[in-house]
Amino acid sequence: MELATTLTSQSFQNVVREVGINPNYWYPVGWANQLAPGEVMPAVIWQLKIAIYRDFQNQLYALEDICPHKGVALHKGIVQGNHLACRYHGWAFDGTGKCVSIPYLPSQQKLPCAQVRSYPVQEKYNLIWVFPGDQELAQKQLPPEMPEFDNSDWFMVPVSARMNAHFSICNENSMDVFHGFLHQNLQGWFDPVLKSLQATEAKVCAQYDVSYKGRIAQFVGLSDRADQVTTRTVSVEYRYPHYYSSLEGMSALYLMRLPVGLTASRSFALFFFKIRLPKWLKQLVTPVLQKLLQRFVFMKFLNQDIEMMESEQQTYLANPQRRYVEINPAIIAVQRLIVRQYKQFMQQSSQLSNNQHVDSQQMVNNNVTQQTLKKNILL
Ligand code: FES
Ligand SMILES: [Fe+2]
């Protein structure tokens, strides 16, 4: 659906700062190359604690991070073959979460019925993805497509960050091209104009005309000279629950969001652009150039954003009733999408629970925000 692009005052839905996620999507939880065979790492997806381990055949598994014996976090455990043994008494679980051995149980005795929930997990684009929702839907959904990933024409810079803010605040920041003001000292962008805006059930797409000038613009190929102003069309898409932006085929940004809790989020971003270097030289300088760009370009931008997002969150927490004014219709559309996705999921899961089909873990997970949602969303 085509939406109006007029910048006009619209009511801001405070409920968007309280809603939970629709878990029926793949969420990234860490960089795949940072989890070696035999290692375990903890992850949190919207208050749901998960232990992810890699066995010695390189296979990944995701289990609920709670030992069914006494509740110790399984990510403290030890990988044994393709099982994960809890650090406390050594109860071992297979990749499906079934208890397969207890070191001190006499061999003739039957194992107790102790099961940990397991989650679909996969490795793609050097990221580990977990599907926290309905396992039957895991096959139907896919992590975002990234055709640039294996294409040597593109130079890739991975950047991850943590922010103490609700994921709606972070996603609005990504969708909001009008905050070039914040990055002016870093030669960001200026004079943005919202040209078009579309919204569908699971997506908001906005196109902005934006002007650039400076050495960074020259480096990423936007202009031939640093002192030259160039105006380009930036397309920004919030494809729930992740974000994608591209600049006339010259650069692309995939920003994957991990909602951790009500006031904590993480992001895993892959930025692609073309640099004017011979292939052999590009290969040679890639690791160093990636580190330099992460540190001296991307983290500088990101740290400015994080300061704003966290400030926004703190003020919200101090007074959740206070009203705010928004004039960018793209932000309102993002807020509506976030609320709609959660509402949809909650409606589906309450239908399921009426039919007694929802499992208890799912309900506990939902209940964290269910009360707030029911109170606010049904207004
Ligand atoms: S608490 Fe995990 S084995 Fe005892
Ligand atoms: Fe920014």
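A salt bridge here is a side-chain nitrogen of Lys or Arg within 4 Å of a carboxyl oxygen of Asp or Glu. Keep that cut-off at hand; the model you are working with is predicted.

**Exercise 1.** Decide whether K124 and E145 form a salt bridge or fail the cut-off.

*Solution.* Start with the distance: the closest N and O atoms of K124 and E145 are 3.6 Å apart. The cut-off is 4 Å, so the pair qualifies as a salt bridge. Next, look at the wider setting: across the interface of domain 1 and domain 2, the rule finds one salt bridge. Five residue pairs are in polar contact between these domains, both residues being at pLDDT 80 or more.

**Exercise 2.** Describe the contact between the two domains.

*Solution.* First, take the bounds: domain 1 covers 1-25 + 141-379, and domain 2 covers 37-131. Domain 1 gives 29 residues to the contact and domain 2 gives 16. Then the area: the two domains bury about 1,900 Å² between them, with 65% of it on carbon and sulfur atoms. Finally, the centres of domain 1 and domain 2, taken over C-alpha atoms, are 32 Å apart.

**Exercise 3.** Work out whether W46 and Y125, each with a positive phi, are buried or exposed.

*Solution.* Begin with W46, in the loop between β4 (40-45) and β5 (48-54), where phi is near 45 degrees. Its relative accessibility is 3%, so W46 counts as buried. Turn to Y125, in the loop between β12 (121-124) and β13 (127-130); its phi is about 55 degrees. Y125 has a relative accessible area of 9%, and so is buried too. The cut-off used for both is under 20%.

Terms used
Residues numbered from 1 in each chain as written. Chains lettered and ligands numbered in written order. Predicted model: local features only at pLDDT ≥ 70, side-chain atom pairs only at ≥ 80, totals over all residues. Heavy atoms only, no water. Domains from an automatic or database assignment. Contact = heavy atoms within 4.5 Å. Buried area = accessible area lost by both parts, 1.4 Å probe. Polar contact = N/O pair within 3.5 Å; in protein donor to acceptor, adjacent residues only side chain to side chain. Helix = DSSP H or I, 4+ residues; strand = E, 2+ residues; numbered from the N terminus. Buried < 20%, exposed > 50% of the residue type's maximum accessible area, 1.4 Å probe, protein only.
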